[in-house]
Amino acid sequence: MELDALILSRLQFAFVVAFHIMFPAFTIGLASFLAVCEALWLKTKRDVFLKLYLHWVKIFALAFAMGVVSGVVMSYQFGTNWSVFSDKAGSVIGPLLGYEVLTAFFLEATFLGVMLFGWKRVGPRLHFIATCAVAIGTTISAFWILSANSWMQTPAGYAIDAEGKFYATDWLEVIFNPSFPSRFVHMMLAAYITTAAVVMAAGAVQVLRDRVTQPTRYQMRMAAGTLALLMPLQIWAGHWSGEVAHHHQPAKIAAMEGWWETADKQGTILFGIPDEEAETTRLKLEIPNTSDYLFAGGDELRGLKDFPKEDRPPVFITFWAFRIMVGAGLGLLAIGWWGLWLWRKDRIQSPGLFHWLAVPGGALGFIAVISGWVTAEVGRQPYTVYGALRTEDSVAPVVVGQVGASLLIFMIVYAIVFTAGVVYMGRIATRGFDDQPAGPPEKERRAPGSPLGSVDEPAETAEDEA
Amino acid sequence: MDLPLIWAGLIAIAVMLYVLLDGFDLGVGMLCHFADDEEERSMMTAAIEPVWDGNETWLVLGGGGLFAAFPLAYAILMPAFYLPVIIMLAALIFRGVAFEFRHKAVRKTTKRFWNGAFAGGSFAAAAMQGLILGAFVQGVTVEGRAYGGGPFDWLTPFSVMTALSVVTGYVLLGSSWLILKTEGATQEGARKWARRALLGATLAMAAVSLATLSIDPRVTERWGVSMTAIDFAKFIKVAPVPIVTAALIAWLWRDIVMKPEKSPDWRPYLLSAGVFLTGYLGLAVSLFPYNVPFAKTIWETAARDNALGLMLVGAAVMLPVILIYTGYVYSLFWGKVKPGDGYHG
């Protein structure tokens, strides 16, 4: 009974948080992209940047709304399903989340109103400030949530009282805990890369549909440049993150790498099937003795057998989630560099194999983000606060039927909302910049003096109605 | 410094602001179901679109603040209200995305679905908040440091009554917001709904108030009022709360029922907010100092002083800033909504 509520609560948390993270990952990047477009428009007065802004802000509004509503869910999950964790770790984690609400959420939510509806009410400069406020808000939000999560990965600056409750002894050590800097950088880069991949994919669809206009070319160049520049940085940030985990969470690294035996030198396993019963990785394709390149310092590299069975994370999931993330990342690197090369050859707007690959490539960022988080979170098991509080000791005393019902509710609601959101966003994103809305204009759409008046158009077209 | 007391006050203010601000959003959302046509519905949503997102953030501050400042209360209350909280969140998801999605659909069926999700989600969220309020006021069973009751303890005749109060109260807030933000036929329709909602909310609030007095001896003691006797020495100290409430309701009655032509458009909303405020104060009088009625007090459930202190620094700096820019954005969108104001991304 207890175990069932535990497993269902874990599934539910994994489900709602994986659903949620896609939207912040996308909107953090998109907010910055919009700020850049608006800045370029203000500076150069070139129409192309305003067109890009007005096009992508529609998608931003949708993604942001989905991020907000799925985020409200998160702020209650800790209590509904992880109440013992909340009681025990609340005095450390709570203030970090409190600061997130106070410094980020209000900023984003309030200035989003100005960003979407304020064109007629404020001048272009003030409007630009509103866009920047939203972009900064998303970044501050990532700062606090990564700090809170990193503290759960590598807790520092705390003590535990007689009742088993955590409390902070040094707030700076709590906030800037060992894994926070690398993981914050890794996540911010992931957000920019995810957005760039989506922008590239949307451009590629327009190319394939022969709907290329000037903004299409610009957005593809900007996306290619971003991917080509940031992906190498991201590989470095990921490596940095791995170094930190190597020092603080060696069991996680052993599970990610599929290492069972402790040795001075380990290999890199490209493919394999970790078998937790037999304590070995089967069918492995391995490049031996490569660990010197991964982890400097030459210290001993611990294998999973070095840890008691009850302290090991689930190996199969951690191992494969890590490989999926790396694979997706390499795909994004390829899209970036290939795109850059096509840009140089001035062929980024001519349909080709690149465009056919870049379209599904738009999903790679999301795949990398989710599988990366799965690696981090499953690799942290069997703890919620690494080494200090076990997951099984964190769960709320709710009965299994309730958790089953709530999980079902979330799955149905998210399936409907996600499907509709993706369809609507996809329709807007892939539409060419000079396409007129096909629906019958019911009234004068352009409000006087309002560039946003032209935004008033349905995502579905007359063809869809047939 | 009594940090738990300060934080109890701050969270109470956050929840109050949520109720006053998202209350009108949810009220307008419910009223959208009764809009004459799509154009009127768009006018109604345009009256709340620029601000709803910020308004809902007060709910996040309420939940996040409770977690941060009173982790034990959060840890007991959330499992106690598990299902209504989950359903409220699902309802808020539907109404939140429907703001955007209803503009994206042109097919009649999908448009109708998202319009329904908007009004239905607003109603369900309001109803669940009312049930949670009732379940909170009637008291929570606690064992040790955890919720000790059953999965459906929150569903009682009392909580149904509070749900009715919250739903009618939100309709009152929503319709008086529309009186402020719209003109012509839409405003007339809002006046009609304000009259109905005022009647319903008055009756429901009165019933809840009377029932609250007999819910726990400590509440009876605080007010000095029971079903059979009144202890005037005690009652006189807290009497201003019901007296001011009654006066505000009477004034509101005059403004929206008797002489609507003499009432400035901003006053009904302000008076409705005042009614909510005094009702809320009444609850605070009844329940203080419990934040898990009637089992744990704010001091028993508070986080460590160093956590409360750190957050107080943040709140002291950030809350005024938040209130200033929120006020600025409200003033930016001041005035009647006009056709074409709506953003239809």
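**Figure 1. A hairpin in chain A, built from strands 3 and 4.** In this predicted model, strand 3 (residues 268-275) and strand 4 (residues 280-287) of chain A run antiparallel and are joined over six bridges. To find your bearings, pick out A:Phe271, which stands opposite A:Leu285 in strand 4 of chain A. Four residues sit between the two strands, and in this hairpin A:Glu279 takes a positive phi near 55°. Most residues other than glycine have a negative phi.

**Figure 2. Two more positive phi angles, both in loops of chain A.** A:Lys45 isn't a glycine, yet its phi is positive, at about 60°. Look for A:Lys45 in the loop between helix 1 (2-44) and helix 2 (47-80) of chain A. Is A:Lys45 buried or exposed? A:Lys45 has 9 other C-beta atoms within 10 Å, so it is exposed, the limit for that label being 12 or fewer. A:Asp210 is the other one to look at: again not a glycine, and again with a positive phi of about 60°. A:Asp210 belongs to the loop between helix 6 (180-208) and helix 7 (214-248) of chain A. With 8 C-beta neighbours inside 10 Å, A:Asp210 counts as exposed too.

**Figure 3. Cis peptide bonds, one view per chain.** Most peptide bonds are trans. In chain A, however, the bond from A:Gln381 to A:Pro382 is cis, with omega near 5°. A:Pro382 is placed in the loop between helix 12 (364-380) and strand 5 (383-385) of chain A. Over in chain B, the bond to zoom in on runs from B:Pro293 to B:Phe294; it is cis, with omega near -15°. Note that proline comes before this bond, with B:Phe294 after it. B:Phe294 lies in the loop between strand 3 (290-292) and strand 4 (296-297) of chain B.

**Figure 4. Helix 4 of chain A, end to end.** Helix 4 of chain A covers residues 124-153, 30 residues in total. From its first C-alpha to its last, helix 4 of chain A reaches 43 Å, close to the 44 Å expected at 1.5 Å a residue. How many of its residues are buried? The count is 21 of the 30, so helix 4 of chain A is largely enclosed by the rest of the structure.

**Figure 5. Inside the largest nonpolar core, around A:Leu227.** This core takes in 272 residues, and the members that touch the most others are A:Met200 and A:Leu227. Which residues does A:Leu227 contact, once neighbours within four places in sequence are set aside? One group is A:Ile193, A:Ala196, A:Ala197 and A:Met200. The list also includes A:Leu332, A:Ile335, A:Gly336 and A:Gly339. In soluble globular proteins, nonpolar side chains tend to be buried together.

**Figure 6. B:Ile48, a buried loop residue.** B:Ile48 sits in the loop between helix 2 (38-46) and helix 3 of chain B. Being in a loop doesn't leave B:Ile48 out in the open: B:Ile48 is buried, with 26 other C-beta atoms within 10 Å, against a cut-off of 20 or more. Apart from neighbours within four places in sequence, B:Ile48 contacts B:Phe24, B:Asp25 and B:Val28. B:Asp25 is 23 residues away from B:Ile48 along the chain, but their C-alpha atoms are separated by 6.1 Å.

**Figure 7. Where chain B meets chain A.** Across this interface, 63 residues of chain B are in contact with 67 residues of chain A. On the chain B side, helix 3 (52-69), helix 4 (71-80), helix 5 (82-104), strand 2 (146-147) and helix 14 (305-332) each supply at least two of the touching residues. Helix 5 of chain B gives the largest share, 14 residues. What is the makeup of this side of chain B? Its residues divide into 43 nonpolar, 12 polar and eight charged.

**Figure 8. The chains themselves, for context.** Chain A has 14 helices and six strands. Its radius of gyration is 24 Å, close to the 23 Å that the globule rule gives for 466 residues, so chain A is as compact as a globular protein of that length. Of those 466 residues, 55% count as buried. Chain B has 14 helices and four strands. For its 345 residues, a compact globule would have a radius of gyration near 20 Å, and the 20 Å of chain B agrees. In chain B, 56% of the residues count as buried.

Note on methods: Residues are numbered from 1 along each chain as its sequence is written. Chains are lettered from A and ligands numbered from 1 in the order in which they are written. This is a predicted model: local features need pLDDT of at least 70, side-chain atom pairs count only at pLDDT 80 or more; totals for chains, interfaces and linings use all residues. A nonpolar core is a set of buried Ala, Val, Leu, Ile, Met, Phe, Trp, Tyr and Cys residues joined through C-beta atoms within 7 Å. Two residues are in contact if their C-beta atoms, placed from the backbone, lie within 7 Å. Ala, Val, Leu, Ile, Met, Phe, Trp, Tyr, Cys and Pro count as nonpolar, Asp, Glu, Lys and Arg as charged, and the others, Gly among them, as polar. The expected span of a helix is 1.5 Å times one less than its number of residues. The radius of gyration is taken over C-alpha atoms; the globule rule is 2.2 Å times the number of residues to the power 0.38. Two strands pair if DSSP finds at least two bridges between them.
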